Amino acid sequence: MSRIELVAPCHFGLEAVLKKEITDLGYEIVQVEDGRVTFCGEEDAVSRANIFLRTAERVLLKAGKIRAVTFEELFDKIKALPWERYIPADGKFWVTKASSVKSRLFSPSDIQSIVKKAIVERLKTVYHVEWFPETGAEYPIRISFMKDEATVCLDTTGLSLHKRGYRTMVSKAPIKETLAAALILLTPWKKDRILVDPFCGSGTIPIEAAMIAANMAPGANRSFTAEKWTNILGRKSWYQAVEEANDRMDVRIETDIQGYDLDRDIIRAARQNAAAAGVDHLIHFQQRAVSELSHPGKYGFLISNPPYGERLEEKEHLPALYTEIGERFRGLDSWSMYLITGYEEAERHIGRKADKNRKIYNGMLKTYYYQFMGPRPPRMRQQERQG
């Protein structure tokens, strides 16, 4: 397989971050839509995208795009796609997910059933068999309808890319690893700057920051469904991508990344997760209340996912909590603060309007990424003048 088209889904509101990641990997952007980015590359794009992308939820191999308004039309158009390019005679295939938005075909279970039948009929004709053993590699299929147009893909990833493999223990409302990475990448933070998460929970934001600082590929230590697709992708591309990841990584750096939480057990879990990720030496975790937040350094970053009242019993405490956040932030010299929260009164109680506010959907939950920007360090301003 030479040039291929891939689709990378992401959280709604983070398409620009993912687009930059894909471009930085050297691939051509085909289309940016709500919640996904389509791009082109050679065979190695499958392995490199899965291993290096921090903000994508998965990497899908695009088999085709069709328009269908009846199930008969759906059957015929799915059957017309060249499935033998992807699925061998012993391949195990099923439609793992069907979604539909503003389309006349809207029943996921019916769409899944019709698509499976159409693929079976196509492959019966090609392989001249009436029955498939499905004893070989797995080829999960995903189809998403939008305004009667469907994108049909094979899922190269398997377990979602937010499953890095390091998070064995979690707090009550953990933030996904992909979302945490995106929040960091939306800031100008670099590894030589201070980063503090005063509501770190099980440590996801500090751990993702440490992995970014050490240039650790998030998918280097896990497996992917497409690794077994030897009929499509050579094993060599996977070995080369892992070797590239190892060459890029530098864990000998020095950082000032800190995570605080009130819960002693959660801090213990955060330390265990950081150790599993191989970055425990780059992060200082401490049991500490937000009221005790202070740091002698200048030009640091607060990046956090504070409570925002998903549970009713929390809501009454939010005004005091966000007032405390605002007071602690004002006590930090020349710092910037980035908070993701679903609490719509956050700015009022913090006591300052955010410089920027980005709407991000955390699953089905609408949240806001409030960005309070501090001044740039003098050396950065000097470099800009010289540049």
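Here are three short exercises on this structure, each with a worked solution.

A quick note before you start: this is a predicted model, where local features need pLDDT of at least 70, side-chain atom pairs count only at pLDDT 80 or more, and totals for chains, interfaces and linings use all residues. Residues are numbered from 1 along each chain as its sequence is written, and side-chain values use heavy atoms, with hydrogens and water left out.

**Exercise 1. Check the span of helix 4, then find what its buried residues pack against.**

Step 1. Helices (H or I, at least four residues) and strands (E, at least two) are DSSP runs, numbered from the N terminus. Helix 4 covers residues 108-127.

Step 2. The expected span of a helix is 1.5 Å times one less than its number of residues. For the 20 residues of helix 4 that gives 28 Å, and the end C-alpha atoms are 28 Å apart, so the two agree.

Step 3. Buried means under 20% relative accessible area, exposed over 50%, and partly exposed in between (1.4 Å probe, protein chains only). Among the buried residues of helix 4 are Ile-111, Ile-119 and Leu-123.

Step 4. Contact means heavy atoms within 4.5 Å. The buried residues of helix 4 pack against helix 3 (71-79), strand 5 (92-101) and strand 6 (138-146).

**Exercise 2. Find the strands that pair with strand 1, and the bridge partners of Leu-6.**

Step 1. Two strands pair if DSSP finds at least two bridges between them.

Step 2. Strand 3 (residues 36-41) pairs with strand 1 in the antiparallel sense, over six bridges. Here Leu-6 has Phe-39 as its bridge partner.

Step 3. Strand 4 (residues 60-67) also runs antiparallel to strand 1, joined by two bridges. In strand 4, the partner of Leu-6 is Leu-61.

Step 4. Now look at burial: five of the six residues of strand 1 (residues 4-9) are buried, so the rest of the structure largely encloses it.

**Exercise 3. Trace the salt bridges of Glu-244.**

Step 1. A salt bridge is a side-chain nitrogen of Lys or Arg within 4 Å of a carboxyl oxygen of Asp or Glu.

Step 2. Arg-48 makes one with Glu-244, with the closest N and O atoms 2.9 Å apart. That pair links distant parts of the chain, helix 2 (residues 44-52) and helix 7 (residues 235-248), 196 residues apart.

Step 3. Glu-244 also meets Arg-248 in a salt bridge (2.9 Å, N to O). These two are four residues apart in helix 7, so about one helical turn separates them.

Step 4. Compare accessibility: Arg-48 is buried at 11%, while Glu-244 is partly exposed at 23% and Arg-248 is partly exposed at 33%.
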